Structure formats: structure tokens, C-alpha cells
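Here is a short briefing on one protein model. Keep the sequence and the 3D view side by side as you read.

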Amino acid sequence: EKLTVCICGGGNGAHAMAGLAAAHAQTESRVLTLFQDEAERWTKTMEKNDFIILQNLPDGSVREIKAKPSMVTKDASKAVPGANIIIFCVPAFAHQQYFNAILPYVEPDTAIIGLPGQPGFEFQCFDVLKEKARRCAILSYESLPWACRILEFGKKILGAKDSLVGSKITGKSNLKLDPAKTLQSMLGEHPVLKMANNYIEPYLMTKAIGLDEFGAACLSGVSDEVVATAKAISEQKPELNQSHVQHLLEWYRQDYRETVADPTSLLTAMRTNAAYNGLVHPMKDAGNGKWVPDFNYRYTSEDIPYGLVVTKGLAELAGVPTPYTDKVLTWCQEKLGKEYIVGSELKGKDLKESRAPQAYGYKSLDDLVALL
Ligand code: NAI
């Protein structure tokens, strides 16, 4: 049976997903990109050129996949109707405008997939799509399936991750297809898609706490608080079991076992992780010939409002004190020129811009259970 996939976004991830969906048997791949003239530029490039994905395979060879999406448009009325699966492949700060754009055209029994969703994806989805969201399946994955970059608008290179954890809210939907299985068949063998216990669990598994200039002690302290939050939620609400949440150090020891030379402590694991070679702190030109840290880069501008503020919100609902998180948040929000937290409470004036449960009026763990 024919499958129609609508990919939201126009960057690295959206390019990769659009190509893989187009290459999938009996699948129409459509792209909805709202940003500037991206749709027009992408469409023009495809008129004259092939659309090629270069996929790095584990054995060192490169696989070339040629397949064009059927349309690239900024018009949701063209891209969304009839789509069985809508995949968000765009940084989290842009999610709101895509939810708004698809709202009039989403049909019941559609799968809406955040790839990545990032913490709070479901809150924002229910906030915008309201009752429509209950008739859909909402899936959210912890990251993009690949490290990928656009080489030219229309060509890119991919290295797939090993595995990827996601979650699913089925609601009152009754889909003809299994969205996770379908996504897996579009992605191929890797990454292996896994299911979390529930949609909150990946929030507490997020690596959006990786601000290494604060030092391993601070980082480890934040991670301890996230684990404590997971434990408190699991105890109070068995429906929201968080058994997959682990300390950052355990995650390094497992997921980076091939590349971490010294897994003794969080500090040594991070310092000796070869996967980080070549990754440097984002800097910007201060205008006087000097370079200064760019604190508006997505490690902060994205991972704070759609990461740490959300986990802080969960800790608050679970009644877990978070001195390290509060310290880190206080420092980061000042760099961002925002106010999410005041002292140890989430009541800053910019809280509404975050995806903390409190920003959507959820006041207890019961409110989170109600979304299941
Ligand atoms: P990207 O950096 O390629 O996204 C840029 C795209 O976002 C633009 O092409 C445009 O479509 C949209 N956009 C940018 N500014 C906008 C604005 N002001 N308003 C509306 N839309 C705007 O993102 P990429 O690389 O596709 O990543 C998507 C998500 O996956 C991000 O959250 C990223 O942190 C995450 N991720 C990316 C990885 C990668 O290797 N590219 C790896 C792991 C995670």
C-alpha cells in the first residue's frame, strides 16, 4: 500500500530523511519547509540535478542513494493532506511554527514523529493540536539517526548512529501502520530504533546537560539529580516508569565503549573520548580581532529551554531538590539573557518560552499521566 511521508524542515536532517523516504518502496516523500526561500531554492536545485545521499557504511564504503522527494514546498495545504507520517526534522526552536502550520490539515490516525523531538515535544504538540493530537500517534526520538551535513543543497553525507531511543503516545489513534517499524524500514539497519517505557523517560535521558566548562563535578551533580528525579517519578507513578534513565557516566561507558580510552570517571571519559576529536567550543568574532565563546549556540540556546529547563520542571513536579541544576541554569540563563528560574523555582518571566511542563499548565505528575 502507498505511504505518504511529510518531512518538516529544510536543513541537514530534513535533507537526509527526505532522500531516505523517497528511496523507500511505494513511498511518496514530501518536504514542508517554512524557512525563508528554502523551498524555492531546493525545488530549483532538484530540477537540474539529482538528489543524492552519500551514506557512510560501517565497513568504510560509501553507499549512494538517489531519490527525489515529490515536492518541496512552504505550503502546508499541499504537503500535509493525505500524509500518513509527519516527521519533524528541524531544531526545536522551530517546532511551534510547524505545529501551527500543520494544524488545519492533520488528519486522524497520522503518526507525528519528532526526529529528534527533544524534551517537551509532546507538551507543545498537545498545546497546539489539542484534540487532534489525541487522534494521532505521537513519537519522539532522542536524536537524529545520523551525524549529517549538507554538502550542497541537494547532496550530503551520513554516518548512522548505533541505536536510538524513542517513545510513543498512542492516544485514541488507530493507525494502519506501525510508525516505528515503518521508520525503521526507511532508515535501514542502523540506527536500531528502541522504545522507551513512556514519553517522559527520554526527557530524563537527554544529554542536554553536557556543558563541560562547568567541570565534571557540576555535570555529574546535574546527572545525579536527573537520576533522582527518574527514581522519584517511578516510585510515585509506576505508569511513568523511568527504569532506562541512567547516570551520564554509565551512558559513556556503554554507548562510547569503543571510543573512550579511560572510563574511570566522568572527567576521564569525556577527556579521552575520541568521538569528540575535532569538536571545539563554538566561538564568535568579538569585532576587535578577538574571539569569544558563543553562548547563543544551540548547546545552550536549544539545550536549555528544550532540555535542562524541562528536566528541572520534572524534578519540581516529583519533589526532588536540584542544587546543581539550579546553579547551572542560573549561569546559562544569564548568558542567554533569559530568566527561567528564580532561585530554585521555575517562575522566571521567560518560562513560557521553554517546554517545561509548567509552561503548559501541568501542575502535577497526574497531569503528565493524563497524556498517556
Ligand atoms: P540544521 O542546522 O540543518 O537546521 C537548519 C534548518 O532549520 C534550516 O535549514 C531551516 O529549515 C530551519 N531553520 C533555521 N532557522 C530557522 C528559523 N529562524 N525559523 C524557522 N526555521 C529555521 O539542523 P539539523 O542538523 O537538521 O538538526 C536538526 C536537529 O537535530 C537539531 O535539533 C540538532 O541539534 C539535532 N542533531 C543534529 C545532528 C547533525 O548531525 N546534524 C546530530 C544530532 C542531533
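P191 is found in the loop between helix 7 and strand 12. The peptide bond that leads into P191 from H190 is cis, with omega near -5 degrees. Bear in mind that this is a predicted model. The points below start at this loop, move to its neighbours, and then turn to the ligand and to some single residues.

**Helix 7 and its ends**

- Helix 7 covers residues 179-187.
- Is helix 7 enclosed or open? Seven of its nine residues are buried, so helix 7 is largely enclosed by the rest of the structure.
- The buried residues are P179, A180, T182, L183, Q184, M186 and L187.
- Buried here means under 20% relative accessible area.
- At the start of the helix, look at D178. One of its side-chain oxygens reaches to within 3.1 Å of the backbone nitrogen of A180.
- Just after the helix comes G188, with a positive phi of about 90 degrees.
- An α-helix has 3.6 residues a turn, so residues three or four places apart point the same way.

**Strand 11 and its partners**

- Strand 11, helix 7 and strand 12 together make a β-α-β unit, and this unit is right-handed.
- Strand 11 spans residues 163-169 and is mostly covered. Six of its seven residues are buried.
- Which way do strand 11 and strand 12 run, parallel or antiparallel? They run parallel, and four bridges join them.
- Strand 12 holds residues 192-195. Its K194 is the bridge partner of V165.
- Strand 11 also pairs with strand 8, residues 137-141. Four bridges join these two strands, which run antiparallel.
- L139 stands opposite K168 of strand 11.
- In a regular strand the side chains alternate between the two faces of the sheet.

**The ligand and its shell**

- How many residues lie around the ligand? There are 23, and N12, G13, E38, R298 and E302 come nearest.
- The shell divides into ten nonpolar, eight polar and five charged residues.
- A polar backbone atom of G13 is 2.7 Å from an oxygen atom of the ligand.
- R298 uses its side chain: a polar atom there lies 2.8 Å from a ligand oxygen.
- C148 offers a backbone N or O atom, 3.0 Å from an oxygen atom of the ligand.
- Taken alone, the ligand exposes 830 Å², and the protein buries 78% of that.
- Which elements give two or more residues to the shell? They are helix 1 (12-23) and strand 9 (146-152).
- Strand 9 gives the most, with four residues.

**The loop between strand 7 and helix 5**

- Strand 7 covers 111-114 and helix 5 covers 121-129. P116 lies in the loop between them.
- The bond from L115 to P116 is cis, with omega near 0 degrees.
- Q118 sits in this loop too, between strand 7 and helix 5.
- Phi of Q118 is near 70 degrees, a positive value in a residue other than glycine.

**D109, ahead of strand 7**

- D109 belongs to the loop between helix 4 and strand 7.
- Its phi is positive, about 65 degrees, although D109 is not a glycine.
- D109 has 30% relative accessibility, so it counts as partly exposed.

**F99 in helix 4**

- F99 is found in helix 4, residues 95-102.
- Is F99 buried or exposed? F99 counts as buried because its relative accessibility is 0%.
- F99 and F126 are 27 residues apart in sequence. Their C-alpha atoms are 9.6 Å apart in space.

**K44 in helix 2**

- K44 lies in helix 2, residues 38-48.
- K44 counts as partly exposed because its relative accessibility is 48%.
- Along the chain, K44 and Y299 are 255 residues apart. In space, 33 Å separates their C-alpha atoms.

Definitions and conventions: Residues are numbered from 1 along each chain as its sequence is written. This is a predicted model: local features need pLDDT of at least 70, side-chain atom pairs count only at pLDDT 80 or more; totals for chains, interfaces and linings use all residues. Side-chain values use heavy atoms; hydrogens and water are left out. A residue is near a molecule or strand if one of its heavy atoms lies within 4 Å of it. A polar contact is a pair of N or O atoms within 3.5 Å; within protein, one must be able to donate a hydrogen and the other to accept it, and residues adjacent in sequence count only if both atoms are side-chain atoms. Accessible areas come from the Shrake-Rupley method with a 1.4 Å probe; for residues, only the protein chains shown count as cover. Ala, Val, Leu, Ile, Met, Phe, Trp, Tyr, Cys and Pro count as nonpolar, Asp, Glu, Lys and Arg as charged, and the others, Gly among them, as polar. Buried means under 20% relative accessible area, exposed over 50%, partly exposed in between (1.4 Å probe, protein chains only). Two strands pair if DSSP finds at least two bridges between them. A crossover is right-handed if, with the strands pointing away from the viewer, the path from the first strand over the helix to the second runs clockwise.
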